[in-house]
Amino acid sequence: MLEGLGSPASPQAAASTSVVGSSGPAASPPPSPSAPRSPESPIPQRGGVRASVPQKLAETLSSQYGLIVFVAGLLLLLAWAVHAAGVGKSDLLCFLTALMLLQLLWMLWYVGRSSAHRRLFRLKDTHAGAGWLRGSITLFAFITIILGCLKIGYFIGFSECLSATEGVFPVTHAVHTLLQVYFLWGHAKDIIQSFKTLERFGVIHSVFTNLLLWANGVLNESKHQLNEHKARLITLGFGNITTVLDDHTPQCNCTPPTLCTAISHGIYYLYPFNIEYQILASTMLYVLWKNIGRKVDSHQHQKMQFKSDGVTVGAVLGLTALAATIAVVVVYLIHIGRSKTKSESALIMFYLYAITLLMLMGAAGLAGIRIHRIEEKSLDESKNPARKLDSDLLVGTASGSWLISWGSILAILCAKDHPRYTWYNLPYSILVMVEKYIQNLFIIESIHREPEKLSEDIRTLRVVTVCNGKPLASSCLKSGGVAGDVAPRGRDLPPAAKGNVCMREDCGKEEEKQEESSWGGSPSPVRLPRFLQGNAKRKVLRNIAAFLFLCNISLWIPPAFGCRPEYDNGLEEIVFGFEPWIIVVNLAMPFSIFYRMHAAASLFEVYCNI
């Protein structure tokens, strides 16, 4: 018999599970140690402690297996990037194809086993696999499949001088993408309770397979950007920097040439979406791995609701920033590399645009933090892997742009010659660090706050007070509710409370005097201004979240599509050297690009929860 599949092992266990899931804050306290134990109450077993040992051992073994696979793949990627002797692109693609086939076998086994036992009760993590997240990964997966089709066309055009692996890899990747999206739609919320050791190895293998596919996409896209960057340096007057191109074009003719050229250029415009797909898939699978064997707490995640009313200001400002970004990127790509004058003008234009946008984003983030700090609202401290991963990714990926910004600041301060555009780069680099610091604070504090609906329920509970002979005047006074708001909720009270309800109208002036005398005129806590209370406060926060959401998408576009002043200004290469700075940018830029998309996703969740 399969072990559990999330179903209770006994009727007693099922009963206890239902009690825990519905008790919440009103649950009865545990019995004291001196109280007699009922015959039906479970006796703590030492075996429970021993059972956690194999679980920790399985986690350690599976994580080490994943790291071993990941390190091996990274070494193959590095060997191909530096043209190591005896290591070709076909070797790398064979390794990645084998990893994808192994993951496909595991996913087929898991989906088949789940379908065979679909009638059994399964535990779910309500925080994981949100609908908007699955929708985003579906969009990116669709573009990834288009990318695979272009690669197949590229292989057909150059089939005379390409190995068969370059044709097998995109086909396998397309099948892998389709099945993985289906798997994540149906099982991203699962809390696996059976075959846990085997499932840990399967899920962690999937996590690192997607990370290696992400690294492969980053490397291919970075090599393309580096070739364009080397060609531009001459126009800026940096003739002492080598411009030897690292070209991997096949040594044979493609038929028809026009179509092959269009396909080869189109491939690199789709790589940013493929990169986002792989990293999103790996994060969702990582949450699934962390949930294996986890005990679910009683806190249930409120279903997010998208509301578009009252966000006109934030949406208009954000869409304006998005339109300005597209215009700046188009002008930048047209002018950069044409001549020294046009290149410097393009750099100055980009820095002025980015400085303005980052200042507005920083001001909006500070306003949101200020509203959070002065409002009375409890924090949700319950543990869940999805929210912890969101916070860790925000801080971890922001370090990529912080590294580049500090390098630019040091280069500006240490350089002997300072072109005119250099002094625009200094405030831009500082604002990049400050804005991400503020935005991280706003997002992390927002996702740890209780949903607004729960806060209103707490206020209602303050209005309704159980009066066991001694009414609590402070609760009646501070509730701010009216009798009409409370009356319909009376039927939801526990039986002991019915008939003993103290309304604000019944408290009267005598209890107001008791309130004043009990507090002795002490100053009340800081409250929101009158124009920010209630629904107005929610509208302001929604406008801030909507504006920051669109601005993060705007700032994702330039580096993803080739607008990278860190490459093109040339000053950092003079100070640090060409190869060291290129290594720094190639390592940090993918994290900086992913940060913007992940911040946009987190802000969308913040918007829906306000």
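## Around Y428

Leaving out residues up to four places away in sequence, Y428 touches F350, Y351, A354, I355, L358 and E566. Keep in mind that this is a predicted model. Two of those partners come up again in an aromatic cluster, which is formed by Y332, F350, Y351, Y353 and Y428.

Y428 also belongs to the largest nonpolar core, which has 128 residues. Which residues have the most contacts inside that core? They are F183, F350, Y428, F442, I443 and L548. As a bit of background, nonpolar side chains in soluble globular proteins tend to be buried together.

## The overall picture

The protein has 19 helices and two strands. Of its 610 residues, 48% count as buried. About 31300 Å² of the protein is exposed, with carbon and sulfur atoms supplying 65% of that area.

How do the contacts spread along the chain? If you take contacts with a separation of 6 or more, residues 24 or more positions apart account for 87% of them.

## Three salt bridges

The structure holds three salt bridges. Side chains of opposite charge can pair when their charged atoms come close. In one of the bridges, the side chains of E199 and R113 meet at 2.5 Å, N to O. E199 sits in helix α6 (residues 196-233) and R113 in helix α3 (residues 89-116), so this pair ties together parts that are 86 residues apart in sequence. Are these two buried or exposed? E199 is buried because its relative accessible area is 0%, under the 20% cut-off. R113 counts as buried too, at 11% relative accessibility.

Another bridge joins R564 and E221, whose closest N and O atoms are 3.1 Å apart. Here R564 lies in the loop between α16 (535-560) and α17 (565-568), while E221 is in helix α6, so the pair ties together parts that are 343 residues apart in sequence. Both R564 and E221 are buried. Then there is R596 with E435, whose side chains meet at 3.1 Å, N to O. R596 is in helix α19 and E435 in helix α11 (residues 422-447), so parts that are 161 residues apart in sequence are tied together. R596 is buried at 6% relative accessible area, and E435 is buried at 2%.

## Aromatic pairs

How many aromatic pairs are there? The count comes to 19. Take Y286 and W289: their ring centres are 5.9 Å apart and their planes sit at 35°, so the pair is tilted. Both residues lie in helix α7 (residues 257-290), three residues apart, or about one turn of the helix.

The two rings differ in how they are covered. Y286 is partly exposed, with a relative accessible area of 29%, whereas W289 is buried at 10%.

## Buried small residues: A321 and S602

A321 is placed in helix α8 (residues 312-335). With a relative accessible area of 10%, A321 is buried. Setting aside its neighbours within four places in sequence, A321 is in contact with L357, C551 and S554. A321 and Y353 are 32 residues apart in sequence, and their C-alpha atoms are 9.4 Å apart.

S602 belongs to helix α19 (residues 578-609). S602 is buried as well, at 3% relative accessible area. Beyond its neighbours within four places in sequence, S602 is in contact with L394 and I443. I443 is also among the residues with the most contacts inside the largest nonpolar core.

## Partly exposed nonpolar residues

L150 is found in helix α4 (residues 131-157). Its relative accessible area is 23%, so L150 counts as partly exposed rather than buried, which would need a value under 20%. What does L150 touch, if you ignore residues up to four places away in sequence? Its partners are I263, G266, I267 and L270. The C-alpha atoms of L150 and I267 are separated by 6.6 Å, although the two residues are 117 residues apart along the chain.

On the surface, V71, L75, L78 and V82 make a nonpolar patch of about 380 Å². V71 lies in helix α2 (residues 47-81). With a relative accessible area of 45%, V71 is partly exposed.

Notes:
Residues numbered from 1 in each chain as written. Predicted model: local features only at pLDDT ≥ 70, side-chain atom pairs only at ≥ 80, totals over all residues. Heavy atoms only, no water. Core = buried A, V, L, I, M, F, W, Y, C linked by side-chain atoms within 4.5 Å. Buried < 20%, exposed > 50% of the residue type's maximum accessible area, 1.4 Å probe, protein only. Contact = heavy atoms within 4.5 Å. Helix = DSSP H or I, 4+ residues; strand = E, 2+ residues; numbered from the N terminus. Areas by Shrake-Rupley, 256 points an atom, 1.4 Å probe, with all protein chains shown as cover. Patch = residues over 30% accessible without salt bridge, like charges linked within 9 Å, V, L, I, M, F, W, Y side chains within 5 Å. Salt bridge = Lys/Arg side-chain N within 4 Å of Asp/Glu carboxyl O. Phe/Tyr/Trp six-rings, centres within 6.5 Å; stacked < 30°, edge-to-face > 60°.
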